[in-house]
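Trainee: Please take a close look at one part of this model, the largest nonpolar core. After that, go on to what lies outside that core.

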Amino acid sequence: MTADAGAAAGHTAAAGESLDRLLEVIRLLREHCPWMGALTHESLAKYLVEECYELLDALEGPADAEELRSELGDVLLQVVLHARLQEERGSFAMVNVVDGLTAKMIRRNPHVFTPEGALRTGSAASVEEIEAAWHRLKKEEQGGHSTLFESIPPALPALSAAAKSVARVQREAPDTQSQALRETARELPIAASEEQLGDLLLAVVGQAVEAGLDPERALRVAVRRYQQEHLPNKSRHGR
């Protein structure tokens, strides 16, 4: 074993011990803290959303390793709490969450791992091949029966839902891309950078506000309409 491999193994063992201690602390808090003991999946939902946005702020802000470490811990707490609630119900435990994720990472990355989880040898696949394999395997795991937009959460912010919906069509059914969307896009200024794109989006929001319109609701409705246009006929009225 090389020095680097030995150090990595040591870090992995330490992480396992730390996680075990965290799980024990959460178990004790659930049993002895009235506030923590009263938590439910429903009451925790808002905290999960808040913590994810705080983590996003840390990722997009000035580099601050200590702040990022703290925010990652807050998100991990939400995962541990939800797993603990299910363990108390006898459904599954945190170990099942971790094992399931590990198995998925091995299964979805056949260019790195064998089906048994051993490291493959040989040349690496291209990024395009990796992405194509990931989506193919995901579809196979879902039985091949999922609709085009099924895995896009309904509660996703409208702009994120729009980006995912358009990207899904471009990847899975590019020939069906809405003609109306193409024509509208031709009339818009071309944004050559994220800064220019941000300014363009902000200007559109400004126009909406001046007109007394709700840009979030307007985009959400447009996304639903876009998704309906790109669903197979047999699926359009079935959801």
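Mentor: Helices here are DSSP runs of H or I with at least four residues, strands are runs of E with at least two, and the numbering starts at the N terminus. The model is predicted, so local features need pLDDT of at least 70 and side-chain atom pairs count only at pLDDT 80 or more, while totals for chains, interfaces and linings use all residues. Residues are numbered from 1 along each chain as its sequence is written, and side-chain values use heavy atoms, without hydrogens or water.

A nonpolar core is a set of buried Ala, Val, Leu, Ile, Met, Phe, Trp, Tyr and Cys residues joined through side-chain atoms within 4.5 Å. Buried means under 20% relative accessible area, exposed over 50%, and partly exposed in between, with a 1.4 Å probe and protein chains only. The largest such core has 10 residues: Leu 148, Phe 149, Ile 152, Leu 156, Ala 161, Ala 162, Val 169, Val 223, Tyr 226 and Leu 231. Two or more of these come from each of α7 (158-172) and α10 (215-229). The greatest share is that of α7, at three residues. Beyond its neighbours within four places in sequence, Ala 162 is in contact (heavy atoms within 4.5 Å) with Leu 219 and Val 223. Another core, of nine residues, lies apart from this one and includes Leu 44, Leu 81, Leu 85 and Met 94. In soluble globular proteins, nonpolar side chains tend to be buried together.

Not every nonpolar residue in this model belongs to a core. A surface patch joins Leu 76, Val 79, Phe 92, Val 97 and Val 98, and together they have about 330 Å² of accessible area, by the Shrake-Rupley method with a 1.4 Å probe and only the protein chains shown as cover. Patch residues have over 30% relative accessible area and no salt bridge; nonpolar side chains (Val, Leu, Ile, Met, Phe, Trp, Tyr) are joined within 5 Å, like charges within 9 Å. A salt bridge puts a side-chain nitrogen of Lys or Arg within 4 Å of a carboxyl oxygen of Asp or Glu. At least two patch residues come from each of α4 (65-89) and α5 (94-108). Phe 92 sits in the loop between α4 and α5 and counts as partly exposed because its relative accessibility is 34%.

The loop between α5 and α6 (127-141) holds Thr 114. Thr 114 is buried, since its relative accessible area is 16%. Leaving out residues up to four places away in sequence, Thr 114 touches Ile 106 and Arg 120.
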